[in-house]
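Visitor: Hi, could you walk me through this one? I'm new to reading structures, so please go slowly.

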Protein chains: 2
Amino acid sequence: MKQKDIKIPEATIKRLSTYINCLERLDDKGCQVVSSELLGESCQVSPAQIRKDLSYFGEFGVRGVGYATKSLTEEIKVILGLDCIWPTVLVGVGHLGHALLNFTFFREHGYRMVAAFDSDPGKIGTEVEEGLHIQPIEKLVETASREKAAIGIVTVPASSAQSTADLLVEAGVRGILNFAPFKVRVPDNITLRNVSIVSELDNLAYLLSNKKPRRRLKKKK
Amino acid sequence: MKQKDIKIPEATIKRLSTYINCLERLDDKGCQVVSSELLGESCQVSPAQIRKDLSYFGEFGVRGVGYATKSLTEEIKVILGLDCIWPTVLVGVGHLGHALLNFTFFREHGYRMVAAFDSDPGKIGTEVEEGLHIQPIEKLVETASREKAAIGIVTVPASSAQSTADLLVEAGVRGILNFAPFKVRVPDNITLRNVSIVSELDNLAYLLSNKKPRRRLKKKK
DNA sequence: TAGATTGTTAATCGATTAACAATC
DNA sequence: TAGATTGTTAATCGATTAACAATC
């Protein structure tokens, strides 16, 4: 049990999110108790890593036994802040925006989409989800602040990413998830995550072009 | 100039991809030569980091001067393997799949979508891009191997992610980019990248819930 | 108790940053 | 040459892994 102002590695947070996923699947299979060994096998992380990750936040297991699947899931959700609802808005309802609006996981994980915006006049008023109608960008600041949106998702083209982020900040969101291929800048008090789909692909291309048929550089075990 | 069997950090590869992006933008602005200082400012990476990243692959700059914008861009593309065309197939033409098929960057970065598949009979035959018609999953192995697809993109639901990956492996792809919220398993000789959009959101939620306003997370136990 | 598995510390490994000699 | 900026080495910082005492 720690919990000072110790810095938690970002990688740990990322893994915690995947632990939830794996724990839920194990629970579905009827696994009421999991060891770090089993969970590690299930989500491809070493048992030591799992125990270390959890130890940043407290003691959740029973020595000699393991972790109660359901309660560990809940504990991790609390750690990640998924025990409360995050009002979220999305800007840019192209295909990607649409994909996120429909993303089932979204609803299941404590996020609530309270508004969606687009600059295309032809899209305004379209119902994308039950009760969710696309609004014009001009309404962003007004609507998002009224709805107390905490998170803004940016799925506009690179060229309007910065101006969109600016509007979201003006509307009072506390965090921005940016999918546009442009690293936006926001004030220090706003939390920002840039997601680069192209980088992921490029990473794959790199790995492929440097993997000679017989060479083995980076083996995981 | 190094280039032995030195291990390149994954973070370096990720950054190289963003360097290309920034370099192209700087070039558009008429910047023919950039210093690591300027490029760093532009893509929010420290100058030392940039020089270190590049030094893994060779010497691309001129001391006292900087880097030629255009040629550095090209050099990085070669490093990442973006100087050749990667035939790619996509499985699962939902909103996310659609988003990727239309992603302009895709074409611009040396990937060529050679086929798209979906299990929904209602979608078969639909033209999603110029000359690209959705094919049934049953045709995956045949078509993908005939087209010599090197990369497979998985945008199916979690429940069919593993079976889709299996088919792609059977079809002979060398790398898989998986967007489904399920960590698939593939043979050692296949390069795999899992992209978790939910993890990104969860990461944001964590950062937000541990920031000032809701400071107090008292530990019991 | 004996066996199992956690939580934690210490050792290892890896990545970033700082500093500076090389050199245009 | 003087000024600028790279490429690289060494120092620092951070994350992962291994090992084991604690304990159910």
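Guide: We can begin where the two chains meet: the contact, meaning heavy atoms within 4.5 Å, takes 70 residues from chain A and 71 residues from chain B. Please keep in mind that this is a predicted model, in which local features need pLDDT of at least 70 and side-chain atom pairs count only at pLDDT 80 or more, while totals for chains, interfaces and linings use all residues. Residues are numbered from 1 along each chain as its sequence is written, chains are lettered from A and ligands numbered from 1 in the order in which they are written, and side-chain values use heavy atoms, with hydrogens and water left out.

Visitor: How much area is buried between chain A and chain B?

Guide: It is about 6,700 Å², and carbon and sulfur atoms give 61% of that; buried area is the accessible area (1.4 Å probe) that two parts lose on being put together, summed over both. On the chain A side, A:Glu200, A:Tyr206 and A:Leu208 lose the most area to chain B, together 10% of what that side buries.

Visitor: And how many salt bridges are there between chain A and chain B?

Guide: The count is six, where a salt bridge is a side-chain nitrogen of Lys or Arg within 4 Å of a carboxyl oxygen of Asp or Glu. In one salt bridge A:Glu200 pairs with B:Arg193, with the closest N and O atoms 2.8 Å apart. That pair crosses between chains, from helix α9 (residues 197-209) of chain A to strand β9 (residues 191-194) of chain B; helices (H or I, at least four residues) and strands (E, at least two) are DSSP runs, numbered from the N terminus.

Visitor: Are A:Glu200 and B:Arg193 buried or exposed?

Guide: Both A:Glu200 and B:Arg193 are buried, on a scale where buried means under 20% relative accessible area, exposed over 50%, and partly exposed in between (1.4 Å probe, protein chains only).

Visitor: What about B:Glu200, which residue does its side chain meet?

Guide: The side chain of B:Glu200 meets that of A:Arg193 in a salt bridge, 2.8 Å from N to O, and these two residues are also linked with A:Glu10 and A:Lys14 in a network of salt bridges.

Visitor: Which residue does A:Asp27 form a salt bridge with?

Guide: A:Asp27 forms one with A:Lys70, the closest N and O atoms being 3.0 Å apart. This pair links distant parts of the chain, 43 residues apart, with A:Asp27 in helix α1 and A:Lys70 in helix α4 (residues 69-80) of chain A. A:Asp27 is partly exposed, with a relative accessible area of 22%, whereas A:Lys70 is exposed at 56%.

Visitor: Switching to the DNA, which residues come nearest to strand D?

Guide: Of the 27 residues around DNA strand D, A:Lys7, B:Ser36, B:Arg51, B:Gly61 and B:Tyr67 come nearest, and a residue is near a molecule or strand if one of its heavy atoms lies within 4 Å of it.

Visitor: What do B:Ser36 and B:Tyr67 each lie close to on the strand?

Guide: A backbone N or O atom of B:Ser36 lies 2.6 Å from a phosphate oxygen of DNA strand D, while B:Tyr67 places a polar side-chain atom 2.8 Å from a phosphate oxygen of the strand.

Visitor: Which element gives the largest share of the surface near DNA strand D?

Guide: That is α3(A), with four residues. Of the atoms of DNA strand D within 4 Å of the protein, 63% belong to sugar or phosphate and the rest to bases.

Technical notes:
Polar contact = N/O pair within 3.5 Å; in protein donor to acceptor, adjacent residues only side chain to side chain.
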